[in-house]
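Hi,

Here is the structure I promised to pass on. Have a look at it first, and then read on for what turned up.

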Amino acid sequence: MPRIRETLTTSNHYIGRLYRLAVEKGLDADSLFREADLSPSVVDDPNLQIEIEKLAGVVEGIWTLLQDESMGLSRSPLPVGSFFMMGRVTVHEETLGKALYLAARFYNMISNAYEMALIETEDRATLEFRMADLDLDSSHLFSDMTLLAWHSYSSWLIQERIPLLEVCFPYAEPFEQHDYVELYPCERRFNQPVLSITFSNVFLDCENRQSLDSLKAYMKRCPIELFLKQPGDISVASDLRSLLSKSFEEGFPTIDEAAKTLHMSRRTLIRKLDKEETSYQEVKDRMRMDRACFWLAQNGVSIHKVAEKVGFSDAAVFSRAFRKWLGCTPTEYRDRFFS
């Protein structure tokens with residue numbers, strides 16, 4: 001088994017809500033989950049840890065199919081690409097405060113999904129979001145994603161995780177708060193007039209440490225970035241997996257092409273992957289292995305078809321590679337775990 005960096009995971013806080021949302025919006029929820037390499041059965045296991053990349057794949061799939069970054073949870077859609085265009089507008093600002101003031105102006109101009117404001121007091125700064133259609137967001141998905149997005153972007157701009165002092169929610173306290181405690185380890189107030197996050201206003205004067213090139217890389221990782229506990233938690237290997245995942249069906253790019261897309265030289269990519277104790281080939285192998293295990297768990301999919309789906313033209317070559325990865329053949333793996 002190759003030495004591969006541990007995959008980043010998060011709690012199963014969103015999966016059930018995303019699945020039900022997809023069904024409500026008339027989408028093929030099962031296909032959407034399978035496209036993200038997730039079995040629909042994960043919906044029934046609230047204790048399961050979900051790979052961040054796969055969770056993000058479901059969110060991105062809903063965004064794309066609905067062409068709406070509010071996921072159909074507002075009467076005023078947010079066109080796909082809105083978050084990126086906000087970044088293009090604000091990434092050149094000198095400080096976090098200036099960037100957030102401009103971001104609020106941008107969002108208030110392009111959509112009525114929510115009214116955004118940055119409010120300063122003597123020692124605190126609060127980002128407020130007056131949601132236009134709370135009745136449509138009964139599962140609070142859009143509210144939660146809004147908080148995650150703005151906390152992530154603000155922290156990324158200054159390359160420092162901003163500790164939150166308070167989070168306010170315009171809905172009743174949920175029966176089970178475990179995930180909220182993990183997501184927001186600060187004072188949490190429910191049944192409030194607006195959705196908001198509050199932090200020390202000293203961060204507003206922090207220097208913006210990003211550029212247009214780094215913005216492009218950040219946005220390519222979205223919505224993965226939204227679920228990370230720390231800015232920069234995502235590794236180069238995770239960046240690479242995200243890139244390769246999008247080109248899986250058409251065929252993987254060469255290492256030179258991958259390095260260029262990730263805004264670095266081939267030598268730099270190799271060095272950074274080596275520092276994370278992996279390599280370009282190992283990342284590709286792990287992706288193929290994960291995808292193969294997923295398809296082997298599906299009834300009615302032949303070994304030959306699985307081989308094709310993971311990029312092997314010959315089932316025998318696939319079987320040899322699979323034995324190298326897991327120490328058993330695809331048939332033995334299927335018989336052992338799914339017979």
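A quick word on naming before the findings: helices here are DSSP runs of H or I with at least four residues, numbered from the N terminus. Please also keep in mind that this is a predicted model.

Let me start with the empty space inside. Searching the whole structure gives four cavities of 30 Å³ or more, and the largest has a volume of about 180 Å³. It is lined by 13 residues, of which W63, E69, F83, M145 and A149 are the closest to its centre. Helix α6 (residues 141-158) supplies the largest share of this lining, with five residues. Sorted by class, eleven of the lining residues are nonpolar, one is polar and one is charged.

Helix α6 also packs against α5 (residues 96-110): the two axes come within 10 Å and cross at roughly 145 degrees, and the crossing is right-handed. On the α5 side the contact involves L96, A99, L100, A103 and Y107, and on the α6 side W150, S154, L157 and I158. Eight of these contact residues are nonpolar and one is polar, with no charged ones.

The other helix I would look at is α9 (residues 236-246). Nine of its eleven residues are buried, so α9 is largely enclosed by the rest of the structure. The buried ones are V236, A237, S238, D239, L240, R241, S242, L243 and L244. Among the elements that cover them are α3 (52-66), α8 (212-221), α10 (255-261), α11 (266-275) and α12 (280-296).

Happy browsing, and best wishes!

Terms used
Residues are numbered from 1 along each chain as its sequence is written. This is a predicted model: local features need pLDDT of at least 70, side-chain atom pairs count only at pLDDT 80 or more; totals for chains, interfaces and linings use all residues. Side-chain values use heavy atoms; hydrogens and water are left out. On a 1 Å grid over the protein atoms alone, a cavity is a set of points where a 1.4 Å probe fits but cannot get out, and a pocket is an open set with protein on both sides within 12 Å along at least five of seven lines; lining residues have an atom within 4 Å of a point. Grid points are joined across faces, edges and corners, and a volume is the space filled by probe spheres set on the points. Helices (H or I, at least four residues) and strands (E, at least two) are DSSP runs, numbered from the N terminus. Ala, Val, Leu, Ile, Met, Phe, Trp, Tyr, Cys and Pro count as nonpolar, Asp, Glu, Lys and Arg as charged, and the others, Gly among them, as polar. Buried means under 20% relative accessible area, exposed over 50%, partly exposed in between (1.4 Å probe, protein chains only). Contact means heavy atoms within 4.5 Å. Axes are lines fitted to C-alpha atoms, for helices over the stretch in contact, and angles run from 0 to 180 degrees between N-to-C directions. A crossing is left-handed if the near helix is turned anticlockwise from the far one by less than a right angle, and right-handed if clockwise.
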